[in-house]
Amino acid sequence: MKTTEVAELVNERMAHFNQQGIHGEAVYDALAVDPNLPMLFDPPDIEAISGDTRIALKFRRHRGQPPSFLRLSGKRVAYPRFELFQWLKARYVGRSSNKASEGYTRAAAE
């Protein structure tokens with residue numbers, strides 16, 4: 001997976017917010033409204049930011065799963081900034097959080 005200019009910008013802005021004392025889920029809230037980031041992200045950018053492949057993103061769209069997207073043409077999609085970072089925020093697992101252990105316990109029970 002290769003990085004994109006937009007993904008590098010996201011990393012820079014994340015580092016900026018960390019230097020400002022903003023950490024954890026609050027970073028994603030700050031990124032969601034950061035005017036220095038584009039309003040729409042293309043699938044290669046999402047792939048570089050989230051680590052999900054384009055195929056995984058395509059399956060998520062077909063299943064109606066987040067993140068929300070815009071269909072700009074027959075084959076072109078883009079992901080709005082706010083929805084993207086709220087989706088990433090929902091995926092965040094902090095060190096003091098029980099989200100990871102809850103997910104592991106739930107998966108083991110199934």
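This passage describes aromatic pairs, charges over rings, salt bridges and the burial of one helix in a predicted model.

A pair of aromatic rings is described by the distance of the centres and the angle of the planes. Three aromatic pairs were found in the structure. One of them joins Tyr-28 and Tyr-92 in a tilted arrangement, with 6.0 Å centre to centre and 55° between the planes. The tilted label follows because the angle is neither under 30 degrees, as for stacked rings, nor over 60, as for edge-to-face rings. Tyr-28 belongs to helix α2 (residues 25-32), whereas Tyr-92 is placed in the loop between α5 (81-91) and α6 (99-109); the pair therefore ties together parts that are 64 residues apart in sequence. The relative accessible area of Tyr-28 is 16%, and this residue is buried. Tyr-92, at 28% relative accessibility, is partly exposed.

Another of the aromatic pairs is formed by Phe-41 and Phe-85. Its geometry is edge-to-face, with 80° between the planes and 5.8 Å centre to centre. Phe-41 is part of strand β1 (residues 40-41) and Phe-85 is part of helix α5, so parts that are 44 residues apart in sequence are tied together by this pair. Phe-41 has a relative accessible area of 0% and is buried. Phe-85 is likewise buried, at 0% relative accessibility.

Charged side chains were also found over aromatic rings. Arg-13 lies over the face of Phe-17, at 5.2 Å from the ring centre. For Arg-61, the charged end sits over the ring of Phe-69, 5.7 Å from the centre of that ring.

Side chains of opposite charge can pair when their charged atoms come close. Five salt bridges were counted in the model. Among them is a salt bridge between the side chains of Asp-34 and Arg-13, with an N to O distance of 2.6 Å. Asp-34 is located in the loop between α2 and β1, and Arg-13 in helix α1 (residues 5-19), so this salt bridge ties together parts that are 21 residues apart in sequence. Asp-34 is buried at 2% relative accessibility, and Arg-13 is buried at 16%. Arg-13 thus takes part in a salt bridge with Asp-34 and also lies over the face of Phe-17.

A further salt bridge joins the side chains of Asp-29 and Lys-89, at 3.0 Å from N to O. Asp-29 lies in helix α2 and Lys-89 in helix α5; the pair therefore links parts that are 60 residues apart in sequence. Asp-29 is partly exposed, its relative accessible area being 32%.

Asp-42 and Arg-76 also form a salt bridge, in which the closest N and O atoms are 3.4 Å apart. Because Asp-42 is in the loop between β1 and α3 (43-50) and Arg-76 in the loop between β2 (70-71) and β3 (77-80), the pair ties together parts that are 34 residues apart in sequence. Both residues are partly exposed, with relative accessible areas of 30% for Asp-42 and 44% for Arg-76.

Helix α2 recurs in these results, as it holds Tyr-28 and Asp-29. The buried residues in α2 include Val-27, Tyr-28, Ala-30, Leu-31 and Ala-32. The elements that cover the buried residues of α2 include α1 and α5. Helix α5 also contains Lys-89, the salt-bridge partner of Asp-29 in α2.

Conventions:
Residues are numbered from 1 along each chain as its sequence is written. This is a predicted model: local features need pLDDT of at least 70, side-chain atom pairs count only at pLDDT 80 or more; totals for chains, interfaces and linings use all residues. Side-chain values use heavy atoms; hydrogens and water are left out. Rings of Phe, Tyr and Trp (its six-membered ring) pair if their centres lie within 6.5 Å; planes under 30 degrees apart count as stacked, over 60 as edge-to-face and the rest as tilted. Helices (H or I, at least four residues) and strands (E, at least two) are DSSP runs, numbered from the N terminus. Buried means under 20% relative accessible area, exposed over 50%, partly exposed in between (1.4 Å probe, protein chains only). A charge sits over a ring if NZ of Lys or CZ of Arg is within 6 Å of the ring centre and within 35 degrees of the ring normal. A salt bridge is a side-chain nitrogen of Lys or Arg within 4 Å of a carboxyl oxygen of Asp or Glu. Contact means heavy atoms within 4.5 Å.
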